[in-house]
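Trainee: Could you take me through the inside of this one, with a close look at the main core? I'd like a connected account rather than a list.

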Amino acid sequence: MAGQEKQNNLTYEMSELIKASEKIIKFKKGTFLFREGQEAKEMFIILSGKVQISKMNAEGKELYLRLCNKNDIVGELTLFTVGPRYLFNARVVEDGEAAAVNIENLEQTLFNNSQLAYQFLKWMNDHIRKTITKFRDLVLHGKKGALYSTLIRLSNSYGIQKDDGIHINVPITNQDLANYCGTARESVSRMLGELRDEGIISIHKKRIIIHNEDYLKQQIDCENCPIEYCNID
């Protein structure tokens with residue numbers, strides 16, 4: 001199911017959230033919408049560009065959690081908490097814009113709009129399910145499972161089916177993959193080398209081509225989750 005358009009359950013409701021926003025902000029590559037531990041006053045709806053959500057552990061190792069694009073929501077886990085602080089880093093990887101929604105105002109809007117509250121809770125439930133499946137692959141299948149799962153998710157989000165395989169249409173480095181997998185770059189490089197030697201993948205100008213996605217799925221006992229849960233976003 002490579003190359004599908006990403007589904008979004010908040011089409012109408014998203015417009016309602018944007019109406020509740022107080023400002024539209026522009027952001028530049030390399031900057032941050034927010035950093036982990038910073039006081040949380042706003043939630044953001046991405047209108048254009050890309051934002052990488054990550055978590056830093058005590059040793060300073062970064063784990064990539066998701067790559068946010070148009071209509072994605074970031075900073076949502078600060079809602080309905082006392083003294084909210086951001087749990088993750090939100091680093092801009094492509095210039096764009098976002099609607100900044102004041103958290104207190106949004107909480108009041110959700111109290112007053114049951115339809116919006118229902119759709120927002122549904123979105124949150126889907127988001128949690130996606131997160132659980134990612135950590136399942138990370139924990140249950142080791143380093144290889146984490147890498148194979150990440151490649152499958154990348155193919156679902158950015159894959160284009162061609163005669164020779166699925167072309168992942170975004171440049172990605174070994175360090176990026178390591179950050180998604182929570183492991184060392186050297187380990188990822190070795191595993192990618194093994195996949196290339198076996199003809200499972202090839203790499204051209206930092207873009208990965210998956211020639212045998214079934215192999216990757218078999219190795220992690222893929223449950224063929226719906227694409228809305230099995231993606232990198």
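**Inside the core**

Mentor: Sure. This is a predicted model, and it holds 0 disulfides. Two cysteines are worth a glance anyway: Cys68 is buried, with a relative accessible area of 0%, and Cys181 is buried too, at 7%.

Now the part you asked about. The largest nonpolar core has 34 residues, and the members that touch the most others are Leu33, Phe44, Ile46, Val51, Ile73, Val74 and Phe120. Helices H1 (11–20), H2 (103–112) and H3 (114–140) each supply at least two residues of this core, and so do strands S2 (32–34), S3 (42–56), S4 (62–68), S5 (73–74) and S6 (89–102). Zoom in on Phe44: leaving aside residues up to four places away in sequence, Phe44 touches Ile25, Leu33, Phe34, Asp72, Ile73, Val74, Tyr86, Ala98, Ala99 and Ala100. Don't stop there, though, as a second, separate core of 29 residues includes Leu147, Leu154, Tyr180 and Leu195.

Stepping back to the whole chain, you have 7 helices and 10 strands. Of its 233 residues, 47% count as buried. Among contacts between residues at least 6 apart in sequence, 72% join residues at least 24 apart. The radius of gyration is 18 Å, which agrees with the value near 17 Å for a compact globule of 233 residues. The C-alpha trace spans about 55 × 35 × 30 Å along its principal axes. As for the outside, the accessible surface comes to about 12,200 Å², with 50% of that belonging to carbon and sulfur atoms.

Conventions. Residues numbered from 1 in each chain as written. Predicted model: local features only at pLDDT ≥ 70, side-chain atom pairs only at ≥ 80, totals over all residues. Heavy atoms only, no water. Disulfide = S-S within 2.5 Å. Buried < 20%, exposed > 50% of the residue type's maximum accessible area, 1.4 Å probe, protein only. Core = buried A, V, L, I, M, F, W, Y, C linked by side-chain atoms within 4.5 Å. Helix = DSSP H or I, 4+ residues; strand = E, 2+ residues; numbered from the N terminus. Contact = heavy atoms within 4.5 Å. Rg over C-alpha atoms; globule rule 2.2 N^0.38 Å. Areas by Shrake-Rupley, 256 points an atom, 1.4 Å probe, with all protein chains shown as cover.
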